[in-house]
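Good morning, and thank you for coming. Please look at the sequence and the structure on the screen while I speak.

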Amino acid sequence: YGPEEGLLVAMPQLTGPLSTYTAIWDIKFDALPSFQALLQTDTAQGNDGDFFVRSDSGLGINGDYDGSVQIDTWHRIAVTVEDLGNGSATLSKYLDGAFLDSQTVDSSRFTLDPTTGFLLLTENDGETGTGHLAHFALSETVLTAPEVLALGGADAAGPLAATPAVAPT
């Protein structure tokens, strides 16, 4: 998708922004351009994307890329974002259930705003590619490494049991 496109994920009206969560993609890439954006938290596309696959097949952001995504292969990519309460967050990366690495990121950059939602597979500079997205899942909690490992790789059932999103009353 180009900068004016992408998949807008609308979120339920929560009590506030979501700064701790797990995001999961079941995805297959046809090719890996210089960068393939997976997550863009700024729906106005006013800045660079927030999580990428780089052409060397690593997952990450800010020069910290790990793993080996293969083209023409279904993968389950998961990231957990855990707000540390001091302006930073821990971003942990997983590929097909395997933990790759953690890095410290700016928590505000990775906070999801329920009033605007967020974008998948697009970013402001057009750093995108082609492929197929079978499933996307978002959990309001940080899954542990054993929980992500138990999810395994991409499959027809998707990563998480479907549950309706309900705003707290």
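How many bridges join strand β4 to strand β5? There are two, and these strands, residues 51–54 and residues 59–61, run antiparallel. I should say at once that the model before you is predicted. Within this pair, Val 53 has Leu 59 of β5 as its bridge partner.

Let us now place the pair in its sheet. Six strands form an open sheet in the order β1-β10-β3-β4-β5-β6, and the pairing is antiparallel. The edges are taken by β1, residues 7–9, and β6, residues 64–66; each has a single partner strand, so one side of each lacks a neighbour in the sheet. On average, neighbouring strands in this sheet are turned by 30° against each other, direction ignored.

I turn next to the nonpolar cores. The largest has 32 residues, of which Trp 25, Leu 38, Phe 51 and Ile 77 touch the most other members. Several strands supply at least two residues each to this core, among them β3, β4, β5 and β10. The strand that gives the most is β2, with five residues.

Which residues are in contact with Trp 25, once its neighbours within four places in sequence are left aside? They include Leu 38, Phe 51 and Ile 77, which were named a moment ago among the residues touching the most other core members. Also in contact with Trp 25 are His 75, Arg 76, Leu 120 and Phe 136, among others.

Finally, there is a second, separate core of seven residues, including Ile 24, Ala 78, Tyr 94 and Leu 151. Thank you for your attention.

Conventions: Residues numbered from 1 in each chain as written. Predicted model: local features only at pLDDT ≥ 70, side-chain atom pairs only at ≥ 80, totals over all residues. Heavy atoms only, no water. Pairing = 2+ DSSP bridges. Helix = DSSP H or I, 4+ residues; strand = E, 2+ residues; numbered from the N terminus. Axes fitted to C-alpha atoms, helices over the stretch in contact; angles between N-to-C directions. Core = buried A, V, L, I, M, F, W, Y, C linked by side-chain atoms within 4.5 Å. Buried < 20%, exposed > 50% of the residue type's maximum accessible area, 1.4 Å probe, protein only. Contact = heavy atoms within 4.5 Å.
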